[in-house]
2 protein chains.
Amino acid sequence: MASGGRATLKTIAELTGLHVSTVSRVLNGTTSGARAASAATAERVRQVALEVGYVPDIQAAGLRRQSSRLLGVMMARLTDQVLASIYEGVERTATQHGFHTMVSNSWDDPATRQAHVSMLLSRRVDAMIFGDAHVDGAFLAGFAAHGVPFVLVNRRAGDHPSVTCDDLAGGQLAAEHLYALGHRRVGVVAGLPYAANGIDRTAAFTRYFAERGHPVPGDQVVHASFDAAGGALAAEKLLDRAPHPSAIFAVSDFAAIGVLGVLRERGLRAGRDVAVVGFNDVPIAAQLTIPLSSVRNPMYEVGARGVDLLVRMMRGEPPERITLAPELRIRESSASPYTGA
Amino acid sequence: MASGGRATLKTIAELTGLHVSTVSRVLNGTTSGARAASAATAERVRQVALEVGYVPDIQAAGLRRQSSRLLGVMMARLTDQVLASIYEGVERTATQHGFHTMVSNSWDDPATRQAHVSMLLSRRVDAMIFGDAHVDGAFLAGFAAHGVPFVLVNRRAGDHPSVTCDDLAGGQLAAEHLYALGHRRVGVVAGLPYAANGIDRTAAFTRYFAERGHPVPGDQVVHASFDAAGGALAAEKLLDRAPHPSAIFAVSDFAAIGVLGVLRERGLRAGRDVAVVGFNDVPIAAQLTIPLSSVRNPMYEVGARGVDLLVRMMRGEPPERITLAPELRIRESSASPYTGA
DNA sequence: TTGTACGCGTTATCAT
DNA sequence: ATGATAACGCGTACAA
């Protein structure tokens, strides 16, 4: 515990009568094996460092070393539990690799994203993780020019290296399940139109039904934000059609919760009148009053493996596009077979 | 858009034939009014800076300026939507004040907290925001020795400066509401025992009932984590008592959702058999199949005002303890009056 | 208006 | 085993 004015290597050097470079060596454990500082000296330095409450200045070290050991992370919004979970995986894994992380919300807004990325570049991040990629890839094309390595998580884009849930497989799992229950008139809450995860989940889902002779009408695929409000808005549109769909697939659990709310307002019961399947399997899905069927997305692992991949790339290993397997979790919101019109 | 190797002031200086200090002045807009660089020079510098894709090195600037313009933020877990919302307020407001933020999850674990705080100190944060304070204040007492200004949000502790929801008022709002409905046999899901927000909400709630001659028995106040799993666990305990409570107050909405789940498993209906009131009023509370009554916590504002306070303190203004008013939102989970044992 | 010189805290290299 | 020196990129007092 020290007080007041920052203690630096210089401070310690003066107090011990040694020279700054020597102090630095001791504190960094530099000089391997035989050529270490004398045990006595080392001990003295460490002692003084503790007394004066020395805290190394990573920034200054980074300036000299030309490497910040800092990873920049862009997320659309941390209030989205899915993105927050991915970030947890990122933070923990980065720490294991000796990196710190700095995260920002882009709100899926180009200007905000640009501003925050400039900020991170100014802080000399060694690499970037993007969890908010837009499928058009315009921003990333420009960013690549900076020469800063990066990996996408959550949403793929173009052929940039990425770690995502296998969203195509996930969309198909949901489709297979509802189709097997006998549903043929289905609707989709499709997520934001520029997010590849929603796009892929929706594409695989609608393709499955189309291939079996039951194409999903265009007006039964509604784009919306991934939260409950978005899901509610989309559900209003889907249920305005007569006859209403017998099953709804929402590409996010929170959107699905919005759907459940609207169903109830209209006197329909989820799981009996309309089957509902969500995506991600966030913790509350299983705790809802009508437990929600969902496609499990290994969110934490997406973040963790994203950092692993990035670290490998920084070592010169080749970029990859990794997808992690989803799993269907059937619960009451889609447990009973479809019984007629 | 530039390529490859980092461009610095030096790069620009060489390209323009000017000297580094001149370039620096232009790019910083230094030299007020009359003594500005000649318009022609300034324009040329800016032009070249753009061409080579110059990105200023904030770290180096901070080293020189002895101020990082960086705020450190500690949260228990960003997957808690409440904390993520508070962080949004922090991030946005900090940006407005010209600060960047660096956030870490402490998991409410002392060792992890210590490690991350050391990291932030190493990065020379100008100040700190703690959203994960423990009521004992042991950690903060030690931290204060560093001389780095800080403000607490979400959870108060001791007489440290803080911005929180008025949790006492909030707990009382919940109590008044349930008491007025006729409930006398009530239970509380009280949150983590070291978190002041849960403590205050619980204290005000139980005091209200005690003062009216209906003290809440000790075994009807159950501590649990703030998430759905914690709420479920606590609900099991509360409902094992016979007769079971006619109303349950959970100090967090997600815990309340866990309660709703358990009620249903036991064949009890929330709002009819057992009234439930949550806290925070997160967006999904209103969207649930049985909409959840909740005490609204101005989460975003808590974060925003926390930064405002911190900035004022850094300017030398006195520390404060600020509380923001909660509001009761009555919904179906506690809408009907109590009708007998 | 522009140039010179130095220091911020650290690490790498060379000399002792 | 330790000391001396330079350099990372930037900002600022002072001189021209």
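In this predicted model, 26 residues surround DNA strand C, and those that come nearest are A:Y54, A:R64, B:H19, B:T22 and B:R64. Of the atoms of DNA strand C that come within 4 Å of the protein, 67% belong to sugar and phosphate. Polar contacts with the phosphates include one from each chain. In chain A, a polar backbone atom of A:D57 is placed 3.1 Å from a phosphate oxygen of DNA strand C. In chain B, the corresponding distance from a polar side-chain atom of B:H19 to a phosphate oxygen is 2.8 Å. A base is also contacted: a polar side-chain atom of B:S21 lies 3.4 Å from a base oxygen of DNA strand C.

Two or more residues of the surface near DNA strand C are given by each of helix 2 (20-28) and helix 4 (58-65) of chain A, and likewise by helix 2 (20-28) and helix 4 (58-65) of chain B. Helix 2 of chain A provides the largest share of this surface, with five residues. Classified by residue type, the surface near DNA strand C comprises ten nonpolar, ten polar and six charged residues.

Helix 2 of chain A, which gives five residues to the surface near DNA strand C, also packs against helix 3 (residues 39-51) of chain A. The axes of the two helices are 10 Å apart and enclose an angle of about 85°; helix 2 and helix 3 of chain A are therefore roughly perpendicular to each other. On the side of helix 2 of chain A, the contact involves A:V23, A:V26 and A:L27, which meet A:A42, A:V45, A:R46 and A:A49 of helix 3 of chain A. By class, this contact between helix 2 and helix 3 of chain A has six nonpolar residues, one charged residue and no polar residues.

Strands of a sheet pair through backbone hydrogen bonds, in either the parallel or the antiparallel sense. In chain A, six strands form an open sheet of mixed pairing, in the order 7-6-8-9-10-12. Its edges are occupied by strand 7 (221-223) and strand 12 (327-329) of chain A, each of which has a single partner strand, so one side of each is left without a neighbour in the sheet. Direction ignored, neighbouring strands of this sheet are turned by 20° against each other on average. Within the sheet, strand 6 (residues 186-191) and strand 8 (residues 247-250) of chain A run parallel and are joined by four bridges. A:V189 is positioned opposite A:A250 of strand 8 of chain A. Helix 11 (residues 253-265) of chain A lies across strand 6, strand 8, strand 9 (275-280) and strand 10 (293-296) of chain A, and its direction is at about 160° to strand 9 of chain A.

Further strand pairing in chain A involves strands 4, 5 and 11. Strand 4 (residues 150-153) of chain A is joined to strand 5 (residues 162-165) of chain A by two bridges, and the two run parallel. In this pair, A:V153 has A:V163 of strand 5 of chain A as its bridge partner. Strand 5 of chain A in turn runs parallel to strand 11 (residues 321-324) of chain A, to which four bridges join it. Here A:T164 stands opposite A:T323 of strand 11 of chain A.

In chain B, six strands likewise form an open sheet with mixed pairing, in the order 7-6-8-9-10-12. Strand 7 (221-223) and strand 12 (327-329) of chain B stand at its edges, each with a single partner strand, so one side of each is left without a neighbour in the sheet. From one strand to the next, the twist averages 20°. Strand 10 (residues 293-296) and strand 12 of chain B are antiparallel and are joined by three bridges. B:S294 has B:R329 of strand 12 of chain B as its bridge partner.

Two helices of chain B lie across strands of this sheet. Helix 8 (residues 167-180) of chain B crosses strand 8 (247-250), strand 9 (275-280), strand 10 and strand 12 of chain B, running at about 165° to strand 9 of chain B. Helix 9 (residues 196-211) of chain B lies across strand 6 (186-191), strand 7, strand 8 and strand 9 of chain B, running at about 165° to strand 6 of chain B.

Strands 4, 5 and 11 are also paired in chain B. Strand 4 (residues 150-153) and strand 5 (residues 162-165) of chain B pair in the parallel sense over two bridges, with B:V153 opposite B:V163 of strand 5 of chain B. Four bridges connect strand 5 of chain B with strand 11 (residues 321-324) of chain B, and these strands run parallel. The bridge partner of B:C165 in strand 11 of chain B is B:L324.

Definitions and conventions. Residues are numbered from 1 along each chain as its sequence is written. Chains are lettered from A and ligands numbered from 1 in the order in which they are written. This is a predicted model: local features need pLDDT of at least 70, side-chain atom pairs count only at pLDDT 80 or more; totals for chains, interfaces and linings use all residues. Side-chain values use heavy atoms; hydrogens and water are left out. A residue is near a molecule or strand if one of its heavy atoms lies within 4 Å of it. A polar contact is a pair of N or O atoms within 3.5 Å; within protein, one must be able to donate a hydrogen and the other to accept it, and residues adjacent in sequence count only if both atoms are side-chain atoms. Ala, Val, Leu, Ile, Met, Phe, Trp, Tyr, Cys and Pro count as nonpolar, Asp, Glu, Lys and Arg as charged, and the others, Gly among them, as polar. Axes are lines fitted to C-alpha atoms, for helices over the stretch in contact, and angles run from 0 to 180 degrees between N-to-C directions. Angles under 35 degrees count as roughly parallel, over 145 as roughly antiparallel, 65 to 115 as roughly perpendicular and the rest as oblique. Contact means heavy atoms within 4.5 Å. Two strands pair if DSSP finds at least two bridges between them.
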